[in-house]
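Trainee: Could we go through this one together? I'd like to practise reasoning from rings and helices.

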Amino acid sequence: MMKSYTLLWAGLLFFSTTASALEKVNPKQVDEVQQRTRQVVPYALDKTTMTFTKTVHGGVQHVVAKSADNTRQIKLIQENLLKMANDFRKGDFSVTEHIHGTIMPGLTQLKKAETDDIKYQYEALPNGAQIHYSTEYPQYVQALHEWFDAQMSEHGNEAIPEHSRHHSTPAE
């Protein structure tokens, strides 16, 4: 019964936060975010695709090389996302703060999480990498969804159909 309640609560939070976070972002702000991102990520933004897919329990961030033959970019993506997942597990969101600012939606709540409240599962992919963010706590699901919405607004969110289909089930 408790799990059903948690899923229902998470679903309601998902839908209530989506509309407000998808508001238009100032183009100047998007340019500034892209510039700061180029300063901190080791891979070339124009040779990669980044997506944020929300799930019932959090979400999945993918970064993949546009060319599956670009082994250099794939290695850089994998190293960077592995470091990010490890930093997030420790509560270190300093790179995110540098790129998006300290008042980024969801960030304050994410920083309050205890070590095991949110899982940050890194996975290497043949053409890049992903981080699967998941939690059973509704307040952190909401924070992750707000954070993902801000990421999508400021970075864009190109579609990778083969990834988004398998992350849309309640089992996530």
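Trainee: Is tyrosine 140 buried or exposed, and what is its relative accessible area?

Mentor: Keep in mind that this is a predicted model. Buried means under 20% relative accessible area. Tyrosine 140 falls under that cut-off, so it counts as buried, with a relative accessible area of 7%.

Trainee: What kind of aromatic pair do tyrosine 137 and tyrosine 140 form?

Mentor: Start with the distance: ring centres have to lie within 6.5 Å to pair, and planes over 60 degrees apart count as edge-to-face. Here the centres are 6.1 Å apart and the planes sit at 80 degrees, so the pair is edge-to-face.

Trainee: Which strands do tyrosine 120 and tyrosine 133 sit in?

Mentor: Those two make an aromatic pair as well, 5.6 Å centre to centre with 85 degrees between the planes. Both tyrosines, 120 and 133, are buried. They're 13 residues apart, and the pair links distant parts of the chain: tyrosine 120 is in strand β3 and tyrosine 133 is in strand β4.

Trainee: Now the helix. Within what arc do the buried residues of α3 fall?

Mentor: Helix α3 covers residues 71–89. Its buried residues include Ile74, Ile77, Leu81 and Phe88. An α-helix has 3.6 residues a turn, so residues three or four places apart point the same way. Looking down the axis of α3, you'd see that the buried residues line one face of the helix, because they fall within an arc of 160 degrees.

Trainee: Which residues are exposed on the other side of α3?

Mentor: Exposed means over 50% relative accessible area. On that other side of α3, the exposed ones are Thr71, Arg72 and Lys75.

Note on methods
Residues are numbered from 1 along each chain as its sequence is written. This is a predicted model: local features need pLDDT of at least 70, side-chain atom pairs count only at pLDDT 80 or more; totals for chains, interfaces and linings use all residues. Side-chain values use heavy atoms; hydrogens and water are left out. Rings of Phe, Tyr and Trp (its six-membered ring) pair if their centres lie within 6.5 Å; planes under 30 degrees apart count as stacked, over 60 as edge-to-face and the rest as tilted. Helices (H or I, at least four residues) and strands (E, at least two) are DSSP runs, numbered from the N terminus. Buried means under 20% relative accessible area, exposed over 50%, partly exposed in between (1.4 Å probe, protein chains only). The expected span of a helix is 1.5 Å times one less than its number of residues. The arc is that of the directions from the helix axis to the C-beta atoms.
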